[in-house]
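Q: Please take a close look at one part of this structure, the lining of its largest pocket. Then follow what is found there into the neighbouring architecture.

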Amino acid sequence: MRSVQGSLDDLGTPLSEATFVVVDLETTGGSPADSGITEIGAVKVRGGEIVGELATLVDCGLPVPPHITVLTGITQQMLVGAPAVAEVVPTFLEFARGCVLVAHNAPFDIGFLKAACARLGHPWPAFPVLDTVDLARRVLTREEVPNRRLETLARFFGTPTKPNHRALADARATVDVLHGLFERLGAFGVTSLEEARSFARAPSPQQQAKRHLADDVPSGPGVYFFEDHRGDILYIGKSGDLRSRVRSYFTAGETRKRIREMVGIAERVRTIPCATGLEAEIRELRLIAEHKPRYNRRSKFPERALWLKLTDEAFPRLSVVRECRDDGCAYIGPFSSGRVAEEAREALREATRLRQCAQPLTPRRIAEGKAYSCALAELGRCGAPCEGRESDEEYARHVDSVREMMARDVHPVVAAVQDRIERLAAELRYEEAAVQRDRLAAFLRASGRFQRLAALADLPELVAARPGFDGGWELAVVRHGRLAATSVIPPHATVYGPYVEACTATAQTVLPEPGRRYTASCEEMECLLRWLDSPGARLVLVDGVWSCPAGGAERLRAWIEGAYQEPKPYAGRRGDAPV
């Protein structure tokens with residue numbers, strides 16, 4: 001057999017002969033979906049020499065938030081008269097034609113450029129891309145640099161240009177960082193562009209050494225555990241295909257720092273095959289809550305959820321509590337934080353005259369003169385039962401109205417808060433009006449969530465089916481809000497019949513526990529509600545009445561999801577959120 005000598009082309013493009021365009025953007029926010037480009041800086045280099053630069057401010061048509069001005073120094077006035085995005089993007093594409101794009105945290109900059117091209121109708125060229133963050137992770141150790149921020153790398157390599165959150169200066173600094181990283185690549189035998197790109201995407205040595213852990217993992221839906229040498233669970237996850245999911249932890253696609261660290265510690269992988277993806281998702285939630293693995297962040301502490309409760313006292317009040325009990329009191333929730341719970345409480349207080357103090361208040365203490373009043377009584381925001389201004393019957397009417405608002409009819413709260421918003425807006429107090437809007441949204445979200453959960457938890461049994469991927473059906477039996485059994489119905493079999501009977505007969509018996517409002521976690525019930533709300537899902541059997549109040553918050557879901565959006569704090573692509 002004759003051997004064929006490879007040509008020089010087979011070795012790839014030497015780094016010294018490739019032309020790179022190092023680009024940096026400044027933007028009005030962190031997401032290209034609702035933010036725009038305010039400045040572009042690009043430097044073209046070849047063989048270590050700068051052959052061209054491009055820098056311009058950009059009028060993206062969006063306001064520059066104050067915290068962005070603090071971070072970058074770019075003000076709204078500076079963009080007046082600047083070229084529009086429609087002019088700048090074609091110029092940049094022409095400048096970078098045929099080159100390799102380089103950026104520090106490339107998904108951020110490339111994501112904004114692609115979004116701009118899509119809005120303008122320009123096809124995105126198939127640029128090869130290098131990310132200096134990925135390269136730095138591979139060639140620099142933690143002992144050399146504590147993090148991979150551009151400022152840190154610039155100090156490490158001693159770049160002449162210091163990053164200052166302006167596009168051209170940051171692009172120039174990134175050029176010097178790129179050259180410093182190329183010098184380090186030589187020690188790894190990387191000399192071509194193709195080798196550099198594959199080297200940046202390659203899995204870490206720890207990941208490569210643990211690939212054998214996925215050898216015996218089966219296919220199909222289920223839950224997987226990563227364990228250390230002592231058998232302690234490090235991480236719990238779920239997947240519709242266990243084998244492919246576990247294998248992905250040992251490839252370059254896994255870039256999360258914590259998970260790469262976890263893979264380095266792991267010594268074995270255990271799995272629990274499940275009948276359906278729904279069962280896998282529910283099992284994952286239960287197991288995470290039970291074992292609380294240190295590398296899981298989500299769903300570890302369901303017991304930390306907060307609730308807003310109308311207390312059971314002589315003169316009830318609204319209190320934020322950590323447990324929702326079956327004690328006959330009115331609740332809404334759960335809330336993810338005390339701040340959101342307080343916002344919902346303030347919205348509810350806008351429509352009621354319940355007392356807001358936390359003092360123990362009884363008729364005896366009032367008669368003995370041991371109760372004290374506050375300024376809210378003078379402002380008309382409280383009926384002041386502590387001073388005897390309202391009788392027990394009058395205060396009871398306030399309590400009944402609040403219980404009605406929390407359980408069945410949110411209209412009084414909506415009307416009261418909207419009236420307050422209109423008055424504040426008429427006085428040009430827009431920031432205060434926005435606070436009231438956020439409080440109303442927090443109340444409506446919590447009220448609607450509680451009503452959905454309560455309706456599901458009150459059903460002794462619910463059987464539902466959803467189309468499967470193979471033409472069959474996925475079957476679920478839910479009892480008092482808890483998943484009791486799942487099964488798979490093969491293709492061409494009827495949904496009603498022996499499969500349903502067999503699944504319900506073998507399902508777990510679920511009975512309400514004394515003192516507990518729910519038999520399952522709120523996350524589990526919300527997972528079930530999402531599954532029931534998915535396309536094609538149908539009810540097979542319902543024992544009881546499954547409904548939400550006609551005047552409840554569910555009728556305002558469109559306003560909650562559309563008119564109000566959760567504000568997302570800006571965090572720069574380099575972890576440089578403003579102080």
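A: By class, the residues that line the largest pocket comprise 24 charged, 20 nonpolar and 5 polar. Here Asp, Glu, Lys and Arg count as charged, Ala, Val, Leu, Ile, Met, Phe, Trp, Tyr, Cys and Pro as nonpolar, and the others, Gly among them, as polar. The model is a predicted one, in which local features need pLDDT of at least 70 and side-chain atom pairs pLDDT 80 or more, whereas totals for chains, interfaces and linings use all residues. Residues are numbered from 1 along each chain as its sequence is written, and side-chain values use heavy atoms, with hydrogens and water left out.

The lining has 49 residues in total, and P302, A305, P334, C522 and E523 are the ones nearest the centre of the pocket. (A pocket is an open set of points on a 1 Å grid over the protein atoms alone, with room for a 1.4 Å probe and protein on both sides within 12 Å along at least five of seven lines; lining residues have an atom within 4 Å of a point.) The space in this pocket is about 1200 Å³, taken as that filled by probe spheres set on points joined across faces, edges and corners.

Six elements each supply at least two lining residues: the helices α11 (277-291), α12 (338-349), α17 (430-457) and α19, and the strands β9 (306-310) and β11 (331-335). (Helices, H or I with at least four residues, and strands, E with at least two, are DSSP runs numbered from the N terminus.)

Helix α19 leads from the pocket to a sheet. Spanning residues 522-532, α19 packs on that sheet, where it touches β12, β13 (473-479) and β14 (contact: heavy atoms within 4.5 Å). The direction of α19 makes about 50° with that of β12. (Axes are lines fitted to C-alpha atoms, for helices over the stretch in contact; angles run from 0 to 180 degrees between N-to-C directions.)

The sheet itself is open and antiparallel, with 4 strands in the order β14-β13-β12-β15. Its edges are β14 (482-489) and β15 (538-543); each has a single partner strand, so one side of each lacks a neighbour in the sheet. From one strand to the next, the twist averages 15°.

Strand β12 (residues 461-467) pairs with β15 in the antiparallel sense over 5 bridges, where pairing requires at least two DSSP bridges. Within this pair, V463 has L541 of β15 as its bridge partner.
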